[in-house]
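Biologist: I am new to this model and would like to look closely at one single spot before I get lost in the rest. Could you start there and then lead me outward, explaining your terms as you go?

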Amino acid sequence: MQTKNIMIVGVGGQGTLLTSRILGGIIRKAGYDVKLSEVHGMAQRGGSVVTYVRYGDEVYEPIVEEGQADVLIAFERLEAMRYAHFLSKDGVMIVNDQRMDPMPVVTGACEYPADILPTLEKDHRVISIDAMEEAKKLGNARVFNTIIIGLAAKNMDFDKQEWLDVIAETVPEKTIDINQKAFLVGYEA
């Protein structure tokens, strides 16, 4: 199998690391070689978090190069725009339609860009969901990241039950049911 490249981008505290653990788990279970690399930029203070996931028969390095991501999972609109240049021309971008103001916007030094999703859709295949709103409907806003995983899963090589099994093995036991429900919300969106 040719190496597949996935990037997960977001803001500290959004669950990008849990997402990479779930992805790594399903890839290993399928028998592929997988390499993960995480970059934290002031993650505890709302800074960018980037996780690279590469898998295939044999993978030698964890970093995804610009223009090589098959799937870009963005937990926030501005992060999607910031990392869009990593997406391959045939890749798909999964975007949580949520706004989280970075510090320069909070302090008034910059403005949050308008029309991010329409701008991205001009050059990329974009699938978006307001995962936070959907998570609130489930009664637990913290599972919005699992909704995004579900949406992304439809654009990957693994079947629904494999995802549900890995989620059950990865999340805390008391949250298995709500996380599996959240995954299905995204998967069926």
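Modeller: Aspartate 115 sits in the loop that runs between helix H3 (103-106) and helix H4 (116-123). Helices here are DSSP runs of H or I with at least four residues, strands are runs of E with at least two, and both are numbered from the N terminus. This is a predicted model, so local features need pLDDT of at least 70 and side-chain atom pairs count only at pLDDT 80 or more, while totals for chains, interfaces and linings use all residues. Residues are numbered from 1 along each chain as its sequence is written, and side-chain values use heavy atoms, with hydrogens and water left out.

What catches the eye at aspartate 115 is its backbone: phi is positive, about 55°, although the residue is not a glycine. Most residues other than glycine have a negative phi. Aspartate 115 counts as exposed because its relative accessibility is 54%; exposed means over 50% relative accessible area, buried under 20%, and partly exposed in between, with a 1.4 Å probe and protein chains only.

From that loop, let us step back to the whole chain. Its secondary structure comes to eight helices and six strands, and read along the sequence the pattern is β-α-β-β-β-α-β-α-α-β-α-α-α-α. Along its principal axes, the C-alpha trace spans about 50 × 40 × 30 Å. A compact globule of 189 residues would have a radius of gyration near 16 Å, and the chain agrees with this because its own value is 16 Å. That radius is taken over C-alpha atoms, and the globule rule is 2.2 Å times the number of residues to the power 0.38.

Buried residues make up 49% of the 189 in the chain. Its accessible surface comes to about 9,400 Å², with 47% belonging to carbon and sulfur atoms; such areas come from the Shrake-Rupley method with a 1.4 Å probe, and for residues only the protein chains shown count as cover. Among contacts (heavy atoms within 4.5 Å) between residues at least 6 apart in sequence, 61% join residues at least 24 apart.

Now for the inside. In soluble globular proteins, nonpolar side chains tend to be buried together. A nonpolar core here is a set of buried Ala, Val, Leu, Ile, Met, Phe, Trp, Tyr and Cys residues joined through side-chain atoms within 4.5 Å. The largest such core has 38 residues, and those with the most contacts inside it are Ile6, Ile22, Leu23, Ile73, Met156 and Trp163. Helix H6 (residues 144-153) gives the largest share of this core, seven residues. A second, separate core has 22 residues, including Leu78, Phe86, Val95 and Val105.

Isoleucine 73 shows how such a core residue is surrounded: leaving aside neighbours within four places in sequence, its contacts include Ile6, Leu23, Ile94, Ile148 and Met156. Helix H6 itself is mostly covered, with ten of its ten residues buried.

Helix H8 (residues 176-187), where asparagine 179 is found, reaches H6 as well. Asparagine 179 counts as buried because its relative accessibility is 5%. Apart from neighbours within four places in sequence, asparagine 179 is in contact with Val143, Thr146, Ile167 and Val171, and Thr146 is one of the buried residues of H6. Glycine 186, also in H8, is buried because its relative accessible area is 0%. Setting aside neighbours within four places, glycine 186 is in contact with Ile147, Gly150, Leu151 and Lys154. Glycine 186 and alanine 135 are 51 residues apart in sequence and 9.8 Å apart in space, C-alpha to C-alpha.

In helix H1 (residues 16-29) we find isoleucine 27, which is buried, with a relative accessible area of 0%. Not counting residues up to four places away, isoleucine 27 touches Tyr32, Asp33, Val34, Val53, Tyr55 and Phe158. Isoleucine 27 and leucine 78 are 51 residues apart along the chain, and their C-alpha atoms are separated by 28 Å.

A strand example completes the tour: serine 88, in strand E5 (residues 87-96), is buried at 15% relative accessible area. Beyond its neighbours within four places, serine 88 is in contact with Gly67, Gln68, Ala69 and Asp70.
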